[in-house]
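Let's take a friendly walk through this protein, moving from its sheets to its helices and then to some details of the backbone. Keep the structure open beside you as you read.

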Amino acid sequence: FEENILDACLFLMDKAELELSGRGNPIKICRVASAVINSRDDNGVIAGSWDNTYTYGVAPSAWTGSVDILLEYYSSKQPVRYGQCWVFAGVFNTFLRCLGIPARLVTTYASAHDNNANLQLDFFLDDEGKVDTKLTKDSVWNYHCWNEAWMTRPDLPVGFGGWQVVDGTPQETSDGMYRCGPASVQAIKHGHVCFQFDAPFVYAEVNGDIVYLRKEKNGTQVIENIDTSHVGQLIVTKEVGGDGMMDITEDYKFREGSEEERLALETAVMYGVKKQTIQDATYQPQKDVEMDFQVQNAVLGSDFQVTITFRNRSHNYYTATTFLSGNIVFYTGVTKTEFKKHSFSAKLEPSSSSAFDVAIKSSEYLSDLLDQASFHFFVTARITETGKILALQKATALTIPSLRIKTQGEMVVGKQMSVTVEFTNPLTQTLENVTLRLEGPGVLRTTKKQFRQIPANSTLIWEVKCMPKQPGLRKLIASLNCDALRHVYGELNVQIQKP
C-alpha cells in the first residue's frame, strides 16, 4: 500500500502477458506471478544468488522490505540483485495482497529438495559410517519459505479451495518455466497430488524420508538406517495480530505414524508420487539402542558443545564407534567445508543412558562462516557387536547479535521524531565496509548509511530524523550487512498518534 506499488504490480501482469480476461482469476494470477517473481527464463523481478558472493548487488539478507525491490524493478525493468527464498516470498506476498488476494508467508524447517520426487532422500555412507559427499546428491534445506494464497478452486473437486501453496523461488520447472503452484494445501495433506499444480513436488518437500545407504564393493546398496521424521518437522506462519509464530504443520500432514498418514501416503503413491519400495530384506535396524544429540545454543564467536546421548534398552553391553562431522553449510543444505571431525568409542551399559560431550571452539569455525552462521551436524554410530548403524543429522544456527532501535520525541503524524540504531560488534575482528538500512512503512522511507569500520567490541550509533505520515501501529526494521557478518536485524513496533 505504499506509493507506486500498485502500478508496479500491474506492470508485472503486463510483463507476464496475462490477458485482461484472466486478471480476475487468482489461479491464473498466481501461476504467472510465481514465474515472473524470479528472473529465470523471463527476466523477472529478482535474480537469485546462493553462492555467498553478491558483488554488484544487494546481499539477500540486507533487504528490509519488498517496496524497494518492486520500485527498483518497475523503474529499471531489469532483475534486482539478489534474492533467496525469503526475499522471493516477501515480494510475492506484497504482490498478492496488493491485488486483493489474501496471502501469507510459510516457512518449512528441514524442507526436502528431492530431485526426482521419489519421496526419498538418499544419503550414502562410506565404510566408516561417514557421509560420502560424492555420491550424495539430494539435499535438505535448513528451511524454505513459500507463500499461501487463499482462493476457491472451481477447477478442482469440492473441498480443495482455501489455502494454496505458491512458490516464487526457482527450484524446478513446471510446464517449462520456473514456477510452482497454486497447489491445494488440503489436497497435499490427503495425498491427492493428482490435482494441478505441482502438488507432487510440494508433497515431497514436506514428507520425504531420509534413507542412509552404503554401497558394497560389488555395487549392491545396503540400507543402514531410515529417518522418517526429519523432513518437514515444523511448518509455521506468522500469527494473526502479533509477531509470534503459528504452527501449521497439521494443515500439511497427519501425525507421523497415524492411520491417516499411511492412507495419505498410499493415495499420493497411487496418484503418481514415486515411492521407492525398500526391497531390502537385510534392513533390520538396531531397535534396542536410541541415539539423539543436542547442540548448545551459542552466540556467534563463542565456544559451544554438542551432547550425544545413547539409550540402551537391552540387557546387553554394547560399544558404539561414534563419528561426529560438523559442516558449515549454506541454508540450502549444501556443504561449504567440514570444520570438525571427531570420533570416539562409547561404552553402553545395559538398560541405561549415557551422554558424551564434544567441544566446538570458535577458532574452528569462524574463518569459514557463511551468511547465516548455520552448521549441519552429522552423527553416525556403528554398534560393534551387531554391525548396525545409527545415523542422525541436525541443522543449527548460532545466535547472531541484533540491532537495537530506539525512538525519541513525540510520535505524531507530521511532527519530526528521531530513530536511533545501535550495534555492538561481537567479533574479535574489525568489521569493514558496513551498510546499515532502516525502513518503516508510513514512518520513514528506506534510509541507508555506510560505515567504513566497526572495531572489535565497539558500539556504533546512527540517528535518523523522520516525519511519520500515517497513524496507527507501525513497524521499524533495520538491517546490518558486511562481508564478515550478515543477517543482523532489529525491529521495533511504534504507535503513531493522529495530529
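In what order do the three strands of the open sheet stand, and is their pairing parallel or antiparallel? The order is 14-15-18, and the pairing is antiparallel. Please keep in mind throughout that this is a predicted model. At the edges of this sheet you will find strand 14 (289-295) and strand 18 (352-360), each of which pairs on one side only. From one strand to the next, the twist averages 15°. To see how the strands are joined, look at strand 14 and strand 15 (residues 304-312), which are paired in the antiparallel sense over seven bridges. One pair to pick out is Gln-294 with its bridge partner Thr-307 in strand 15. As general background, the strands of a sheet pair through backbone hydrogen bonds, in either a parallel or an antiparallel way.

Another open sheet is built from six strands, in the order 9-6-5-3-12-13, again with antiparallel pairing. Why is one side of strand 9 and of strand 13 left without a neighbour in the sheet? Strand 9 (180-184) and strand 13 (245-247) stand at the edges and have a single partner strand each, so one side of each has no neighbour there. On average, neighbouring strands of this six-stranded sheet are turned by 30° against each other, if direction is ignored. Within the sheet, strand 3 (residues 103-113) and strand 12 (residues 234-238) run antiparallel and are joined by three bridges. Here Thr-108 sits opposite Ile-235 of strand 12.

Two helices pack on this sheet. Helix 4 (residues 85-98) touches strand 3, strand 5 (139-151) and strand 6 (162-167), and its direction makes about 0° with that of strand 5. Helix 6 (residues 199-207) touches strand 3, strand 5, strand 6, strand 9 and strand 12, and its direction makes about 65° with that of strand 3.

Helix 4 also has a helix as a neighbour. In general, two packed helices are described by the angle between their axes and the distance between the axes. For helix 1 (residues 5-15) and helix 4, the axes come within 10 Å and cross at roughly 95°. Therefore helix 1 counts as roughly perpendicular to helix 4. Which residues meet in this contact? From helix 1 come Ile-5, Leu-6, Cys-9, Leu-12 and Met-13, and from helix 4 come Thr-94, Phe-95 and Cys-98. By class, the contact of helix 1 with helix 4 has seven nonpolar residues, one polar residue and no charged ones.

Next, turn to a hairpin. Strand 16 (residues 318-329) and strand 17 (residues 335-348) pair in the antiparallel sense over twelve bridges, and Gly-326 stands opposite Lys-340 of strand 17. Five residues lie between the strands of this hairpin, where Gly-333 takes a positive phi near 85°.

How many cavities of 30 Å³ or more are there? The count comes to two, and the largest cavity has a volume of about 90 Å³. Its lining has 13 residues, and those closest to the centre are Gln-84, Phe-330, Tyr-331, Asp-371 and Gln-372. Sorted by class, the lining of the largest cavity contains seven nonpolar, four polar and two charged residues.

Finally, some backbone details are worth a look. Arg-81 and Tyr-82 are joined by a cis peptide bond, with omega about 0°; Tyr-82 belongs to strand 2 (residues 80-83). The peptide bond from Gln-196 to Phe-197 is cis as well, and its omega is near 10°. Phe-197 is placed in the loop between helix 5 (185-190) and helix 6. Where does Glu-17 lie? Glu-17 is in the loop between helix 1 and helix 2 (26-36), and its phi is near 55°, a positive value in a residue other than glycine.

Conventions. Residues numbered from 1 in each chain as written. Predicted model: local features only at pLDDT ≥ 70, side-chain atom pairs only at ≥ 80, totals over all residues. Heavy atoms only, no water. Pairing = 2+ DSSP bridges. Helix = DSSP H or I, 4+ residues; strand = E, 2+ residues; numbered from the N terminus. Axes fitted to C-alpha atoms, helices over the stretch in contact; angles between N-to-C directions. Contact = heavy atoms within 4.5 Å. Parallel < 35°, antiparallel > 145°, perpendicular 65-115°, else oblique. Nonpolar A, V, L, I, M, F, W, Y, C, P; charged D, E, K, R; others polar. 1 Å grid on protein atoms, 1.4 Å probe; cavity = no way out; pocket = protein on both sides within 12 Å on 5 of 7 lines; lining within 4 Å. Points joined across faces, edges and corners; volume = space filled by probe spheres on them.
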